[in-house]
Amino acid sequence: MRPITVTVSNASGGTKYSDLVRLDEWAPGQVGVQLTASGTVNYTLQQSMDDPNSPTNPVAQNSMTWVNCADTAAVGASSTVQTNYQFVPLFCRVVLNSGSGSVTATFVQASSVPL
């Protein structure tokens, strides 16, 4: 899978959320994530198993259940972090809790086609 990158910035007026990142649930379970902080920030990586696009059990985007990353280094973080998922959540996002800086998250997932 090609890397997917999202950026969220300037939460000085309140919490902001990145765009959603949709991962491939059919691919192997390893997902690498780099969260690059710039300036003054406090952020959290979150994931959800809810799917607004599900043909059998859709969940409205504003009703999705979000869970903080199990890696506590990516929860309430203020500097650059690399972490990973050993499973594939359906969606991820970055919550910029506070700060005037930005966070860029890059997600790289193992290929769905073995070499």
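Phe87 is partly exposed in this predicted model, its relative accessible area being 41%. Tyr85, by contrast, has a relative accessibility of 3%, and because the cut-off for burial lies at 20%, it counts as buried. The rings of these two residues form the one aromatic pair counted in the model: the centres of Tyr85 and Phe87 lie 5.5 Å apart, and since their planes meet at 70 degrees, where an angle over 60 is required, the pair is classed as edge-to-face.

Tyr85 also leads to the strands, for strand β7 covers residues 81–85. This strand runs antiparallel to β4, to which it is joined by five bridges, and within this pairing Asn84 of β7 stands opposite Gly32.

Strand β4 itself, made up of residues 31–38, shows a regular division of its side chains. In a regular strand the side chains alternate between the two faces of the sheet. In β4, Val31, Val33, Leu35 and Ala37 point to one face and are buried, whereas Gly32, Gln34, Thr36 and Ser38 point to the other face and are not buried.

β4 has a further antiparallel partner in β9, with eight bridges between the two strands; here Thr36 is placed opposite Thr104 of β9. Strand β9 spans residues 102–109 and includes Ser102. With a relative accessibility of 18%, Ser102 falls under the 20% limit and therefore counts as buried. Once neighbours within four places in sequence are set aside, the contacts of Ser102 include Thr36, Ala37 and Ser38, which belong to β4, and they also take in Thr7, Val8, Ser9 and Val41.

Seen as a whole, the protein has nine strands and zero helices, so that its elements, read from the N terminus, follow the order β-β-β-β-β-β-β-β-β. Among contacts with a separation of 6 or more, 79% are between residues 24 or more positions apart.

The overall dimensions can be considered in the light of the chain length. For 115 residues, a compact globule would be expected to have a radius of gyration near 13 Å, and the 14 Å of the protein agrees with this. Along the principal axes, the C-alpha atoms fill a box of roughly 40 × 35 × 20 Å. Of the 115 residues, 41% count as buried, while the surface that the protein exposes amounts to about 6,300 Å², with carbon and sulfur atoms supplying 50% of this area.

Conventions: Residues numbered from 1 in each chain as written. Predicted model: local features only at pLDDT ≥ 70, side-chain atom pairs only at ≥ 80, totals over all residues. Heavy atoms only, no water. Phe/Tyr/Trp six-rings, centres within 6.5 Å; stacked < 30°, edge-to-face > 60°. Buried < 20%, exposed > 50% of the residue type's maximum accessible area, 1.4 Å probe, protein only. Helix = DSSP H or I, 4+ residues; strand = E, 2+ residues; numbered from the N terminus. Contact = heavy atoms within 4.5 Å. Pairing = 2+ DSSP bridges. Rg over C-alpha atoms; globule rule 2.2 N^0.38 Å. Areas by Shrake-Rupley, 256 points an atom, 1.4 Å probe, with all protein chains shown as cover.
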